[in-house]
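Visitor: I would like a close look at a single part of this protein. Please start there and then work outward.

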Amino acid sequence: MGSSKMIKLGFVGFGTVGQSTFIALERNLYQIKQQMGYELEVVSVAVKDLEKKRVVELSGVRLTDDPFEVVLDPNVDIVVELIGGTEIAHELVSAAIANGKHVVTANKALIANFGDEILLSAQNENILFRFEAAVAGSIPIIKALSESVRGNRIKAVVGIINGTCNFMLSEMAAKQVSFVSILSEAQRLGYAEADPSFDVMGTDAGHKLAILSAIAFGTEFQFEKIHVEGIQNVLPEDIAYAKGLGYQVKHLAIAVKTRNGLELRVHPALIPLDHILASVDGVVNAILVDGDLSGPLMFSGAGAGGDATASAVISDIIDVASVAHTGGTRFMAVRPEKLSDYPITAFTESVSGYYVRVEAKDRPGVLAEISRVLASFNVSIEAIHQKEAKEGASTTVPIIILTGRMAEKAIREVCEILASSDSITGSAICYKVEDFQWAT
Ligand SMILES: NC(=O)c1ccc[n+]([C@@H]2O[C@H](COP(=O)([O-])OP(=O)(O)OC[C@H]3O[C@@H](n4cnc5c(N)ncnc54)[C@H](OP(=O)(O)O)[C@@H]3O)[C@@H](O)[C@H]2O)c1
């Protein structure tokens, strides 16, 4: 990067995050110059559609529809990848690294799937590669995990890291309406994409968890080993029943170190109403990091949106520019040559309490039958409640059971046995109850 006082940026992708970053760089130009001692200038930008109307007027910037022109541009010091996805973005980032450019990206899918390969090639080429914006928007969680809690043994990282899911569950809880009706409201408000499957089925949170867990535990990026469930089957009545029992239903991303290895799982779960994560509502993201020295730390803030994501992108750009400029420590979020080899435990082995709801025929002996099934698995019943029959469905009554701690594979068997009983109609609905007690 030499001793020039101008650091030149090339953007590939100029959509929501790209344009917000550009505007924020202009708006905070003076402050950034004060902080860094030199200026940042966007010199080239690649988009897909040159004719598309932009919020930003680009003058004096080379605009192209060939992103490789930016990545190979000899004027560019730092490539800012804001296209997304794993195809072209992977090729572009690899080409940028091979061509000696530092890289900043917000692309969680890319890192969750190809993080090891990219970090290794960046390290081999002495390239700085930063991705703070890939997880939880403006929250500086990558930096916190990789710098601020170094020296801790991390016990667990638990996050509410998909704003769409959190908004929808919060609204379902507040208004007692179905997933489908809240989905259209979320789309109307711009909190859910036209195709929401990536968010509501848990993939987005899974990508982010792959990144958080790799950094917290020094493992490979292993998205394919994460158990991922979304919120599409959550019913408002279960949210209401859970609340009546003192719990909130949240979509959690959990990486926890147990005696047998790492549990990596994304799913809806019940958490106590007085837990700090229970009051994280709407599109807000929150991440709890539990270190052996630090104790529980909570990070929360805006998880998405142009400005929030630009905040993290710009911070990374300044970081890269400063390190490259001063020849400071080439700190990496993970050390690809020194990965730890914790085994990933199967989801079926994970242990927790459970919330189970069945629809039982309104006749004597059902509660005793359920108790017998659980006793045969040596599982205690923490609570069992028979609710009022639903209107118009008077032949069945909901029965809700909170179990003691047991393995997922055992609760699945319990649910199958219950569902096959003559006393019960339909299948059993089951969610983990997280008590945040890590058996490390
Ligand atoms: N939006 C958020 O709140 C948020 C939050 C955190 C992280 N992120 C991440 O940030 C990244 C960008 O997200 P975004 O919301 O800004 O996406 P976006 O609005 O869809 O923008 C994508 C940009 O990439 C350009 N593009 C697509 N294919 C291209 C190609 N082959 N060559 C050149 N340019 C191409 C598009 O060009 P056109 O404009 O011409 O179509 C567009 O400018 C993603 O990785 C996303 O996961 C986003």
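Visitor: Which residues of H1 are buried?

Guide: The model is predicted. In H1, the buried residues are Val17, Gly18, Gln19, Ser20, Thr21, Phe22 and Leu25. Helix H1 covers residues 16-27. Its 12 residues, at 1.5 Å each, should span 16 Å. The end C-alpha atoms lie 16 Å apart, so the expected and computed spans agree. A general point helps in reading such a list. An α-helix has 3.6 residues a turn, so residues three or four places apart point the same way.

Next, the packing partners. The buried residues of H1 pack against two strands, S1 (6-12) and S2 (39-46). They also pack against two helices, H2 (29-36) and H12 (306-326).

Follow the two strands. S1 and S2 pair in the parallel sense, over seven bridges. Within that pairing, Phe11 stands opposite Val45 of S2. Both strands belong to an open sheet of six strands. Its order is S3-S2-S1-S4-S5-S6, and the pairing is parallel. At the edges are S3 (62-64) and S6 (129-130), each of which pairs on one side only.

Now the domains. The protein is divided into domain 1 (6-137 + 306-326), domain 2 (141-302) and domain 3 (350-433). Domain 1 is built from two stretches of sequence, 6-137 and 306-326. The second stretch has the bounds of H12, 306-326, one of the helices that H1 packs against. The centres of domain 1 and domain 3, taken over C-alpha atoms, are separated by 52 Å.

From there, turn to the core. The largest nonpolar core has 135 residues. Ile78, Ile211, Leu212, Ala255, Val313 and Ile317 touch the most other members. Helix H10 (residues 203-217) gives the most to this core, with nine residues. In general, nonpolar side chains tend to be buried together in soluble globular proteins.

Two residues show the surroundings of H10. Take Leu212, leaving aside neighbours within four places in sequence. Leu212 is in contact with Val135, Ile141, Leu145, Val157, Gly159 and Ala255. Ala255 is also among the core residues that touch the most other members. Then take Ile215, which has its place in H10. Ile215 has 25 C-beta neighbours inside 10 Å; the cut-off for buried is 20 or more, so Ile215 counts as buried. Residues up to four places away in sequence are not counted in its contacts. Ile215 touches Ile142, Leu145, Ser146, Ala333 and Val334. Leu145 is also in contact with Leu212. Ile161 makes a further reference point: 54 residues separate Ile215 and Ile161 in sequence, and their C-alpha atoms are 16 Å apart in space.

Domain 3 comes next, by way of strand S13 (residues 351-361). Eight of the 11 residues of S13 are buried, so the strand is largely enclosed by the rest of the structure. S13 has several antiparallel partners. Seven bridges join S13 to S17 (residues 424-433). Tyr354 stands opposite Lys432 in S17, and Tyr355 has Tyr431 as its bridge partner there. Another seven bridges join S13 to S15 (residues 396-403). Arg357 pairs with Ile400 in S15. S16 (residues 406-407) is joined to S13 by two bridges. There, Val351 has Ala407 as its bridge partner.

S17 has a parallel link as well. Strand S10 (residues 261-272) pairs with S17 in the parallel sense, over two bridges. Leu270 has Val433 in S17 as its bridge partner.

Last, the whole protein. There are 14 helices and 17 strands. Of the 440 residues, 45% count as buried. The C-alpha atoms fill a box of roughly 80 × 45 × 35 Å, taken along the principal axes. With 440 residues, a compact globule would have a radius of gyration near 22 Å; the protein has 24 Å, which agrees. Among contacts with a separation of 6 or more, 76% come from residues 24 or more positions apart.

Terms used. Residues numbered from 1 in each chain as written. Predicted model: local features only at pLDDT ≥ 70, side-chain atom pairs only at ≥ 80, totals over all residues. Helix = DSSP H or I, 4+ residues; strand = E, 2+ residues; numbered from the N terminus. Expected span 1.5 Å × (residues − 1). Buried ≥ 20, exposed ≤ 12 C-beta atoms within 10 Å, placed from the backbone. Contact = placed C-beta atoms within 7 Å. Domains from an automatic or database assignment. Pairing = 2+ DSSP bridges. Core = buried A, V, L, I, M, F, W, Y, C linked by C-beta atoms within 7 Å. Rg over C-alpha atoms; globule rule 2.2 N^0.38 Å.
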